[in-house]
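Colleague: Mind walking me through this one? I keep meeting words for how helices pack, and I'd like to see where they come from.

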Amino acid sequence: MATLLIVHHTPSPNCQALFEAVVSGATAPEIENVQVVRRAALSATASDVLAADGYLVGTPANLGYMSGALKHFFDQVYYPCLDTTRGRPFGYYVHGGNDVTGAVRGIDSITTGLGWRRAAQTVTVTGEPSKADVEACWELGATIAAGLME
């Protein structure tokens, strides 16, 4: 059975709605033989990353960058996971009040350094999530999980 690790920082109702949509997509009945593990960014460890076959990351955009919690996660796992996780699939979503550019740039830079392979289009949302935004997060979760099915 494959493992999808979802690492998220979910401090607001808007982020919660996107996170729930991602989880719903990743755990859809059509997805078989994929265990979905959810970890808050401040509690996710290198062991979690090493044990997973793919990753889905979610964060708010805070002060022009990813959340400090997600940055802390990447700081903790980068070197312990660098060689072992190269080539593994990932996707991510970002929510911001009005601009997510810095958060996207930061995540792209770190995941490029890790050598992770983007397996789905990034979902970026500003302001109140629309129905289409929530559906895009559902699709993101389903796409990453389906890609891990054996």
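**Helix pairs and buried residues**

Modeller: Sure, let's start with helix α1 (residues 13-26) and helix α5 (residues 131-146): their axes come within 6 Å and cross at roughly 40°. Keep in mind that this is a predicted model, where local features need pLDDT of at least 70 and side-chain atom pairs count only at pLDDT 80 or more, while totals for chains, interfaces and linings use all residues. Residues are numbered from 1 along each chain as its sequence is written, and side-chain values use heavy atoms, with hydrogens and water left out.

Colleague: Why is α1 called oblique to α5?

Modeller: Angles under 35 degrees count as roughly parallel, over 145 as roughly antiparallel, 65 to 115 as roughly perpendicular, and the rest as oblique. The α1 and α5 axes cross at roughly 40°, so α1 is oblique to α5. The crossing is right-handed, a word used when the near helix is turned clockwise from the far one by less than a right angle.

Colleague: Which residues make the contact between α1 and α5?

Modeller: Contact means heavy atoms within 4.5 Å. Among the residues involved are Leu18 and Val22 of α1, and Cys137 and Trp138 of α5.

Colleague: What makes α3 and α4 roughly parallel?

Modeller: Helix α3 (residues 68-81) and α4 pack at an angle of about 15°, with their axes 12 Å apart. That angle falls in the roughly parallel class, so the name fits. Here α3 passes α4 in a left-handed crossing. Leu70, Lys71, Phe74 and Tyr78 in α3 meet Ile107, Ile110, Thr111, Gly113 and Leu114 in α4.

Colleague: How do you know that cysteine 137 is too far from cysteine 15 for a bond?

Modeller: A disulfide is a pair of cysteine sulfur atoms within 2.5 Å. The closest cysteine sulfur to that of cysteine 137 is in cysteine 15, 9.7 Å away, so this is too far for a bond. By this rule, the count comes to zero disulfides.

Colleague: Is cysteine 137 buried or exposed?

Modeller: Buried means under 20% relative accessible area, exposed means over 50%, and partly exposed lies in between (1.4 Å probe, protein chains only). Cysteine 137 has a relative accessible area of 0%, so it's buried. Cysteine 81 is buried too, with a value of 0%.

Colleague: And what does alanine 103 touch?

Modeller: Alanine 103 is found in helix α4 (residues 101-114) and is buried, with a relative accessible area of 0%. Not counting residues up to four places away in sequence, alanine 103 touches Ala61, Gly64, Tyr65, Met66 and Val94.

How values were computed. Axes fitted to C-alpha atoms, helices over the stretch in contact; angles between N-to-C directions. Helix = DSSP H or I, 4+ residues; strand = E, 2+ residues; numbered from the N terminus.
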